Amino acid sequence: MMRISMSLPKKLLNEFDEVLRDRGYQSRSKGIRDALKDYIVRYQWMNEMEGERIGIIAVIYDHHYTGVMEDLADIQHDYREYINAVMHVHMTEKHCLEVIVVKGDVSKIRELTEKMMRLKGVEHVRLTSTSTEQKVEHEH
């Protein structure tokens, strides 16, 4: 095992500790290991997708963060051929949720998702998708 040190906002650590208590974890380290494994598996799953996909990207961001709304809009304009619809929800005084319906080559959808993930002021991004190449059998 390797020992690491990390800095976290107090609110995030408190929320994480609450989840660990609710799930019955005896160790914060075990919870962090499990969370990291989940993060890695989701990343690998996203990278292994290929072909045409349809799905949604959920983005939660702090709308008070300077420039974040403009940055999100710029990225969405750059990928407009892959975006079918966008729904904007005012969650709290500080946070907004955008649900972006996407369709097209998964490599472009992945680029779009990762560009939004890297923006300062964006707090959470989740891509959920499925193949558009579902075979439908017809009875004759």
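Start with what the record says: an unreviewed UniProt entry annotates residues 2-43 as "domain: Ribbon-helix-helix protein CopG". The model you're looking at is predicted, so it's worth seeing what that span looks like here. Residues 2-43 are 71% helix and 0% strand, and the C-alpha atoms at the two ends of the span lie 22 Å apart.

Now set that beside the domain assignment of the chain, which gives domain 1 as 9-44 and domain 2 as 49-129. If you take the C-alpha centres of domain 1 and domain 2, they sit 25 Å apart.

Next, follow α2, which runs over 28-48. Does its length make sense? What span should its 21 residues have at 1.5 Å a residue? The expected figure is 30 Å, and the end C-alpha atoms of α2 are 30 Å apart, so the two agree. At the N-terminal end of α2 there's a cap from Ser27, which places a side-chain oxygen 3.2 Å from the backbone nitrogen of Ser29.

On to the empty space. The largest pocket has a volume of about 1,500 Å³. It's lined by 34 residues, and the ones closest to its centre are Leu12, Tyr39, Arg42, Glu123 and His124. Where does this pocket lie relative to the domains? Domain 1 and domain 2 both give residues to the lining, so the largest pocket lies between them.

You can break that lining down by element, too. α1 (10-23), α2 (28-48), α4 (106-117) and β4 (122-131) each supply at least two residues. Of the elements, α2 gives the most to the largest pocket, with 11 residues. If you're thinking about the chemistry of the lining, the count by class is 20 nonpolar, four polar and 10 charged residues.

Then there's the second largest pocket, with a volume of about 410 Å³. Its lining has 13 residues, and Met2, Arg3, Ile4, Ser29 and Ile32 are the closest to its centre. Ser29 is a name you've met already, as the residue whose backbone nitrogen faces the Ser27 side-chain oxygen in the cap. Which element gives the largest share of this second lining? That's α2, with five residues. By class, the second largest pocket is lined by eight nonpolar, two polar and three charged residues.

So keep an eye on α2 as you turn the model: it gives the most to the lining of the largest pocket, and the largest share of the lining of the second largest pocket also comes from α2.

Key: Residues numbered from 1 in each chain as written. Predicted model: local features only at pLDDT ≥ 70, side-chain atom pairs only at ≥ 80, totals over all residues. Heavy atoms only, no water. 1 Å grid on protein atoms, 1.4 Å probe; cavity = no way out; pocket = protein on both sides within 12 Å on 5 of 7 lines; lining within 4 Å. Points joined across faces, edges and corners; volume = space filled by probe spheres on them. Helix = DSSP H or I, 4+ residues; strand = E, 2+ residues; numbered from the N terminus. Nonpolar A, V, L, I, M, F, W, Y, C, P; charged D, E, K, R; others polar. Domains from an automatic or database assignment. Expected span 1.5 Å × (residues − 1). Polar contact = N/O pair within 3.5 Å; in protein donor to acceptor, adjacent residues only side chain to side chain. UniProt positions renumbered as here; feature names shortened; annotations may be inferred.
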